[in-house]
Amino acid sequence: MTLLIRLPALASLLLTTPLAFALSTVELDVNGRITPNACTVSLSDNGLVDHGRILATTLHPSEYTVLPNQQMGLSISCEGPVLFALVGIDNKRESSLAPDYFYGLGMNPHAPDERLGSVSLSLRGPVGDSQLMQTLTSSDQGATWKPEPYVYPGLFMGFAHAGDALPAPIRLLVASLRVDTSISPANTLTLHEEVPLDGSITLNLRYL
């Protein structure tokens, strides 16, 4: 439950209005959502993808260097069947060259205008309550859905039974999360010092 209390506006009013005319109102909004069952999201390897040390001399001079993809185990466990969606949030959105499709890999700390690369996410082989599922995405917060394996930033991703056009309530979902990382062309980067890759993505579960 979220309590949103708007007090600064009242404080400003009291400083500029004579006390005799200080009668006013203040709004207090109480928001939240009651859900029948709670869910827990977890990733293997503590959600960390580590590509180790990459020699600058191994980067392609004029094209993106594609690093070996990594697979992580994704699990969503609920207390009972729940209708939900996953939403990918790019915490480094300003560093993405195509923020509607790819997550950013951070900026070069030695040359702050240089974008280091991109990350894409996709879900493979989802199984919900012991049944094979298909992945769906929605660009209008769940009003319409279409089949899509990629976890694009900001889109809802749901899970449906084979052939179904709408997500299904699930108690336990397991899937493989594939992480594909690409580094920007070497001739666009300043690489005189060690440069840390700095991608950061949040997977947010939304109840539908």
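Visitor: In this predicted model, how many bridges join β6 to β13?
Guide: Two strands count as paired if DSSP finds at least two bridges between them. β6 and β13 run antiparallel. One position to look at is Val87, which stands opposite Phe156 in β13. The number of bridges joining β6 to β13 is two.

Visitor: Strand β11 also pairs with β13. Over how many bridges?
Guide: β11 covers residues 131-138. Within this pairing, look at Thr137, opposite Met157 in β13. The sense is antiparallel, and the bridges between β11 and β13 number six.

Visitor: How many of the six residues of β13 are buried?
Guide: Buried means under 20% relative accessible area. By that cut-off β13 is mostly covered. Its buried residues number five.

Visitor: Which element gives the most to the largest nonpolar core?
Guide: That core has 30 residues. Elements giving two or more residues are β5 (70-82), β6 (84-90), β10 (117-128), β13 (156-161) and β14 (170-183). With six residues, the top contributor is β14.

Visitor: Which residues of that core touch the most other members?
Guide: In soluble globular proteins, nonpolar side chains tend to be buried together. Here the core has 30 residues. Those that touch the most other members are Ile76, Phe84, Leu121, Leu123, Phe159 and Leu173.

Visitor: Which residues does Leu173 touch, leaving out those up to four places away in sequence?
Guide: Contact here means heavy atoms within 4.5 Å. Leu173 is among the core residues that touch the most other members. Its contacts are Leu74, Ser75, Ile76, Phe84, Pro126, Val127, Gly128, Met133 and Phe159.

Visitor: How many residues make up the other core, which lies apart?
Guide: Its members include Ala85, Val87, Leu136 and Trp145. Val87 also appears in the strand pairing, opposite Phe156 in β13. The residues of this other core number six.

Visitor: Which cysteines does the disulfide join?
Guide: The structure holds one disulfide. Its S to S distance is 2.0 Å. The link is right-handed, with 105° about the S-S bond. The partners are Cys39 and Cys78.

Visitor: How many residues apart are Cys39 and Cys78?
Guide: Cys39 lies in strand β3 (residues 39-43). Cys78 lies in strand β5. The pair links distant parts of the chain, and the separation is 39 residues.

Visitor: Is Cys39 buried or exposed?
Guide: The cut-off for buried is under 20% relative accessible area. Cys39 has 16% relative accessibility, so Cys39 counts as buried.

Visitor: What is the relative accessible area of its partner, Cys78?
Guide: Cys78 is joined to Cys39 by the disulfide. Cys78 is buried too, with a relative accessible area of 6%.

Note on methods
Residues are numbered from 1 along each chain as its sequence is written. This is a predicted model: local features need pLDDT of at least 70, side-chain atom pairs count only at pLDDT 80 or more; totals for chains, interfaces and linings use all residues. Side-chain values use heavy atoms; hydrogens and water are left out. A nonpolar core is a set of buried Ala, Val, Leu, Ile, Met, Phe, Trp, Tyr and Cys residues joined through side-chain atoms within 4.5 Å. Buried means under 20% relative accessible area, exposed over 50%, partly exposed in between (1.4 Å probe, protein chains only). Helices (H or I, at least four residues) and strands (E, at least two) are DSSP runs, numbered from the N terminus. A disulfide is a pair of cysteine sulfur atoms within 2.5 Å.
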